[in-house]
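Here is a short briefing on the model shown below. Please keep the structure open while reading.

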2 protein chains.
Amino acid sequence: MVTIADVARHAGVAPSTVSYVLTGKRSISPQTRTKVRESIRLLGYHPHAGARALATSRANVVALVLPLRPGVHLPVLMRFVTAAVTTARRHDMDVLLVTADQGAQGLRRVAGSAQVDGFLVMDVELDDDRVPLLRQMTQPSVLIGRPAAVKGLTCVDLDFEAAGARCVDHLADLGHRYIGFLGAPSVVYQRNTGYAQRTMAGFGAAAMRRGIASTALPAEDDYESVLVSVRSLLRTQPAMTALVVHNEAALGWVAGSLRSLGRRVPDDVAVVAICPDELAEQMQLTSVQLPAEELGRQAMELLVARLNGHPTAALTLLPPKLSGRASTAPRLRRA
Amino acid sequence: MVTIADVARHAGVAPSTVSYVLTGKRSISPQTRTKVRESIRLLGYHPHAGARALATSRANVVALVLPLRPGVHLPVLMRFVTAAVTTARRHDMDVLLVTADQGAQGLRRVAGSAQVDGFLVMDVELDDDRVPLLRQMTQPSVLIGRPAAVKGLTCVDLDFEAAGARCVDHLADLGHRYIGFLGAPSVVYQRNTGYAQRTMAGFGAAAMRRGIASTALPAEDDYESVLVSVRSLLRTQPAMTALVVHNEAALGWVAGSLRSLGRRVPDDVAVVAICPDELAEQMQLTSVQLPAEELGRQAMELLVARLNGHPTAALTLLPPKLSGRASTAPRLRRA
DNA sequence: TCCGGTTGTTGAAGCGTTTCGACAACGTTA
DNA sequence: TAACGTTGTCGAAACGCTTCAACAACCGGA
């Protein structure tokens, strides 16, 4: 291995000088600087990461804690990861992969051994058992998701409440007065998932605000159950002309269910989905996106900020973005 | 930070003794051992990874080089990653995430700075530009996939040739005598992808061996084109009673195409797919699996072996496994 | 009783960086 | 000309660990 001493010898300077050329923490004359740079290039020198970590007590590595369990939507996860890694690299950081199944134990390990300078934790739940640990660790962390209490943390999430409201507003602006809500499977509401409840809450509040009649039901993951839910929504509220769907698995069956009940999309019933953009694109559904890249990028930027000692807000909510598509095409009949 | 010196002081021994307790490289009396262990626990000591890396010139980290570009089948990738990470952890190693877009440059960086002890590179192509670099690096590497020349490397891959042959054998055993092959989009064969060609080769050779008439065609990613290919196969070989499909995107349209041409699955035409198991499961297709977990596990085990100085084979091919499902149900008419 | 061989423990030297204090060399100003 | 700040460079001391050579203490055998 070629060390800083080798470079120093080759360039005819002291090791410390080489170090200063590299870090720029002291002024170095242009001559020596180029001389040193040349030697570095010639010898193919790379600073030893471990030695550097030891001397600076900074590893320049962040841990990315990923939920690799079934049920997470992988395309979204991937886009998130890519964005996070890219952003980290832009700040000269590397990313250590920690799977969520290693649990709090795993976090303690990498934190304790000073392998990483900080944590990016995905898929945080309302009362996540990792949160207390993260709070008391010396290394900073940024969470994707929104636990019950964000005090003392740094969290990033889509503003699901606003997302629910955005759907209502879009539909209300198009003239709809009776709107249904097809939610996640009921277990999701029982479990403490937070984002599902918040979307519902935003939806309900916006409907009230706009004087719109709304009905909500959960939907399970199979065609039968989607059909049952949709039928039941229509029975409860026969005048319903629009449907907000917050359930990726159900999306594929919504149009079919409606059709089999004699309603066409968008002529009889308009549909707005809250889901990853590519899904919506594929099915030509008007949708509120899940801004994976943006979340990943922001989260990493916040983490870097904290690593550099800058204070950050406890909660950063990304505003929802709605993309209009065929499923809420302007309705001539209504205009 | 609590250091080894703190532990030593607390336990009333020398730092080296603590080290030996931890590494087990010298015999330590049971008394001191328990005493030291107790102090470690009490003080919550974790060895500093950087310091350790510096002293041992071993980081206990391997780089996982992932293709995060569109087109890779994410569920398979994820299962692979999970297996690799789990296996690494079992050997007390951590995993540094390197995205393929960082290219050879990125590999050089993490290798040069001694951040990692080895590389696990996914999705290697026939003439991958990273291969020369990997070959000359001091750190060992294991590749998933199969470049043109494997000499001096360690590669793991599914035995695609055997997979193609396995499909033929399965169908031949069921009594089929005229078999078609629906391949990947033609660009895949133009590009140097290797595995596609090898599957074809295995398929063709096995057909010859069993005295079976075979016809092969590529298929693009849309319904129209699948339909055209299937029709063309049937026209070329009207007696065709079985189809081998090596094209994940086309899978969903194969049954439909056949039906629209008046053939039912499996009664008129049996179908065998080469694809991830869950896809096959979902469509109830007899299939040869892509053993993601097994590949990940094996690859990491091989890497660990090389890190420990054990020699490894240049090429490890996993035998294909066929799962029988409804699409090749035993045919009463034929029996 | 003395010697050779274990066994358990230690002190110190290194691993490759960074960084602090020191200090020449140099222009500037008094 | 003397004193002084600046600028550029250096030497040495950390950082926290491993490991080697050395050694004390003990045991059994001659």
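In this predicted model, 8 residue pairs are in polar contact between chain B and chain A, with both partners at pLDDT 80 or more. The side of chain B that touches chain A draws at least two residues from each of helix 4, strand 1 (61-66), helix 5 (74-90), strand 2 (94-99) and helix 6 (103-112) of chain B. Helix 5 of chain B gives the most, with 8 residues. By type, this side of chain B divides into 20 nonpolar, 9 polar and 4 charged residues.

**Interface of chain B and chain A**

- The contact joins 33 residues of chain B to 33 residues of chain A.
- About 2900 Å² is buried between the two chains, and carbon and sulfur atoms give 68% of that area.
- The rule finds 2 salt bridges across the interface.
- B:Arg109 and A:Asp94 form a salt bridge, with their closest N and O atoms 2.7 Å apart.

**Symmetry**

- A turn of 180° with a shift of 0.0 Å along the axis lays chain B on chain A, at an RMSD of 0.1 Å.
- This is therefore the relation of a two-fold axis.
- Both copies use the same surface: 100% of the contact residues of chain B recur in chain A.

**Surface near DNA strand D**

- DNA strand D is surrounded by 30 residues.
- The closest are A:Thr17, A:Ser27, B:Ile4, B:Arg26 and B:Tyr45.
- These surface residues divide into 13 nonpolar, 13 polar and 4 charged.
- Helix 2 (15-23) and helix 4 (49-56) of chain A each supply at least two residues of this surface, and so do helix 2 (15-23) and helix 4 (49-56) of chain B.
- Helix 4 of chain B gives the most, with 5 residues.
- Helix 4 of chain B also supplies at least two residues of the side that touches chain A.

**Contacts with DNA strand D**

- Which part of DNA strand D supplies most of the atoms within 4 Å of the protein, sugar or phosphate on one hand or bases on the other? Sugar or phosphate accounts for 61% of these atoms, and bases for the rest.
- At B:Ile4, a polar backbone atom is 2.4 Å from a phosphate oxygen of DNA strand D.
- At A:Ala14, a backbone N or O atom lies 2.8 Å from a phosphate oxygen of the strand.
- At A:Arg26, an N or O atom in the side chain is 2.8 Å from a base oxygen of DNA strand D.

Methods. Residues numbered from 1 in each chain as written. Chains lettered and ligands numbered in written order. Predicted model: local features only at pLDDT ≥ 70, side-chain atom pairs only at ≥ 80, totals over all residues. Heavy atoms only, no water. Near = heavy atom within 4 Å. Polar contact = N/O pair within 3.5 Å; in protein donor to acceptor, adjacent residues only side chain to side chain. Helix = DSSP H or I, 4+ residues; strand = E, 2+ residues; numbered from the N terminus. Nonpolar A, V, L, I, M, F, W, Y, C, P; charged D, E, K, R; others polar. Least-squares fit on C-alpha atoms with pLDDT ≥ 70 in both. Contact = heavy atoms within 4.5 Å. Buried area = accessible area lost by both parts, 1.4 Å probe. Salt bridge = Lys/Arg side-chain N within 4 Å of Asp/Glu carboxyl O.
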